[in-house]
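Hi everyone, and thanks for coming. I'd like to walk you through a structure that may be new to you, so please have a look at it with me.

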Amino acid sequence: MEMTMRWYGKKHDTVTLEQIKQSCYVKGIITTLYDKLPGEVWTLDEILAMKKEVEDAGLHLAGIESVNVSDAIKTGAPERDKDIAAYIETLENLGKADIHMVCYNFMPVFDWTRTELARVREDGTTVLAYNQDTVDKMDPDNMFDSIKDNMNGTVMPGWEPERMEKVKELFELYKDIDEDKLFDNLKYFLEAIMPVCDKYDINMAIHPDDPSWSVFGLPRIISSQAKLKRMMEMVPNKHNGVTFCMGSYGTNLNNDLIDTIHMLKGRIHFAHVRNLRFNDGMRDFEESAHLSSDGTFDMYAIMKALHDTGFDGPIRPDHGRMMWGEKAMPGYGLYDRALGAAYLCGLWEAACKESK
Ligand SMILES: [Mn+2]
């Protein structure tokens with residue numbers, strides 16, 4: 001296991017690599033070329049410059065989150081082959097730069113959905129939250145406005161204004177895409193990229209849908225154990241793997257997290273570990289502190305299951321609370337994620353010692 005933190009680059013992040021390095025617990029960085037559009041090739045020079053910046057700060061570039069998949073690939077449009085060729089070239093360049101883990105998602109239109117980016121808790125910290133009644137009353141355009149107005153001057157990944165300007169067109173693109181078609185398009189994409197992944201030992205790690213049910217009638221295919229199994233079996237290659245994001249996959253309380261970790265043994269290449277607090281069954285939840293007793297999940301059981309199934313990829317604390325007066329991208333401040341990293345390292349150490 002390598003403890004990592006997500007970093008958006010000097011231009012976009014309020015947190016510096018020096019601060020992350022000083023945390024001591026975090027050794028690796030998960031980052032991306034944030035300004036790249038889906039379908040664009042990442043050149044080797046750009047990748048090496050990104051890597052050098054991380055290494056110059058005394059940290060290790062542990063993987064990419066994300067290399068985004070274009071809507072043409074997700075919808076199976078005629079131009080998908082051109083976009084897949086660009087994706088393969090990007091993977092080839094990442095492989096040449098000795099980078100071996102790529103997170104991506106196959107979610108239509110919205111990467112993730114929350115109704116509040118700064119819900120105030122009783123302790124004065126703020127958290128991201130989701131309320132189903134609010135979503136049910138909202139149309140997708142308003143969803144974007146509510147996110148945009150709460151980004152603290154940052155741009156949230158998946159909610160880039162230039163993309164969201166086209167939200168109506170995007171819905172149009174997906175109108176004939178059901179779950180089976182989305183699975184077919186994912187299979188087509190994975191089969192095309194597996195040879196380059198095999199050649200450079202690149203672990204592809206698909207991110208679960210967030211929340212793990214259909215929103216605004218859009219299909220969702222990485223949202224349950226049965227669907228994860230279908231994904232694994234349709235392209236049976238170790239490089240076709242998963243980002244185990246418990247804060248996304250765990251939004252559906254019917255998902256058995258421990259059992260899913262065991263089912264995915266050998267195919268979890270990246271883990272996002274965070275806790276959730278549910279207020280009204282699954283209709284309202286918020287992103288609590290990482291601590292088990294602050295939320296719903298037994299965080300030790302999760303870390304132990306990852307440990308016991310031989311997980312050896314990067315882990316990152318996920319969205320943290322905003323606290324101590326910090327102003328940052330919602331979920332991506334330094335303080336609570338650093339607390340999360342320290343806590344998860346402690347749980348991991350305990351799991352290692354317990355198994356001896
Ligand atoms: Mn995640």
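I'll go through the sheets, then some helices, then two single residues and the core.

One thing to keep in mind is that this is a predicted model.

Let's start with the barrel. How many strands close into it, and in what order? Eight strands do, in the order S1-S2-S3-S4-S7-S8-S9-S12, and their pairing is parallel. On average, neighbouring strands of this sheet are turned by 30 degrees against each other, if we ignore direction.

Now find strand S12, residues 314-317. On one side, S12 pairs with strand S1, residues 2-6, in the parallel sense over two bridges. If you want a particular spot to look at, Glu2 has Pro314 in S12 as its bridge partner. S12 also pairs with S9, again in the parallel sense, this time over three bridges. There, His272 stands opposite Arg316 in S12.

Are the faces of S12 covered or open? Both are covered. Pro314 and Arg316 are buried on one side, while Ile315 and Pro317 are buried on the other.

The barrel has company: there is also an open sheet of four strands, with the order S5-S6-S11-S10 and antiparallel pairing. Its edge strands are S5, residues 116-120, and S10, residues 277-278, each of which pairs on one side only. S10 is joined to strand S11, residues 284-286, by two bridges, and the two run antiparallel. Within that pairing, Phe278 has Phe285 in S11 as its bridge partner.

On to the helices, and I've picked two for you.

The first is helix H2, residues 44-56. Counting 1.5 Å a residue, its 13 residues should span 18 Å, and the end C-alpha atoms are indeed 18 Å apart, so the expected and modelled spans agree. Which residues of H2 are buried? They are Ile47, Met50 and Val54. Looking down the axis of H2, you'd see these buried residues fall within an arc of 65 degrees, which means they line one face of the helix. Turn to the face pointing away from that buried side, and you find the exposed residues Asp45, Ala49, Lys52 and Asp56. The cover over the buried residues includes helix H1 (17-22), strand S2 (28-31), strand S3 (60-65) and helix H4 (80-96). After H2 comes Gly58, with a positive phi near 85 degrees.

The second is helix H13, residues 299-308. Why do I call H13 largely enclosed by the rest of the structure? Because seven of its ten residues are buried. Those are Met299, Ile302, Met303, Lys304, Ala305, Leu306 and His307. Among the elements covering them are helix H11 (246-249), helix H12 (257-263), strand S9 (268-273) and H14. H13 is followed by Gly310, whose phi is positive, near 80 degrees.

Next, two single residues. Gly313 sits in the loop between H13 and S12. It counts as buried because 22 other C-beta atoms lie within 10 Å, and the cut-off for being buried is 20 or more. Setting aside neighbours within four places in sequence, Gly313 is in contact with Met101, Ile268, His269, Phe270 and Ala271. By contrast, Gly313 and Ala192 are 24 Å apart in space, C-alpha to C-alpha, with their positions 121 residues apart in sequence.

The other one is Cys197, in helix H9, residues 179-200. With 22 C-beta neighbours inside 10 Å, Cys197 is buried too. What does Cys197 touch, not counting residues up to four places away in sequence? The list is Leu91, Ile202, Met204 and His239. Cys197 and Ile88 are 109 residues apart in sequence, yet their C-alpha atoms are 8.7 Å apart in space.

Finally, the core. The largest nonpolar core has 83 residues, and Ile29, Val102 and Leu344 are the ones that touch the most other members. Helix H14, residues 335-355, gives the most to this core, with seven residues. Which residues is Leu344 in contact with, leaving aside its neighbours within four places in sequence? They are Met3, Val273, His290, Met303, Ile315 and Pro317. You've met some of these already: Met303 is one of the buried residues of H13, and Ile315 and Pro317 are buried on one side of S12.

That's my tour, and I'm happy to go back to any part of it.

Definitions and conventions
Residues numbered from 1 in each chain as written. Predicted model: local features only at pLDDT ≥ 70, side-chain atom pairs only at ≥ 80, totals over all residues. Buried ≥ 20, exposed ≤ 12 C-beta atoms within 10 Å, placed from the backbone. Contact = placed C-beta atoms within 7 Å. Core = buried A, V, L, I, M, F, W, Y, C linked by C-beta atoms within 7 Å. Pairing = 2+ DSSP bridges. Axes fitted to C-alpha atoms, helices over the stretch in contact; angles between N-to-C directions. Expected span 1.5 Å × (residues − 1). Arc of directions from axis to C-beta.
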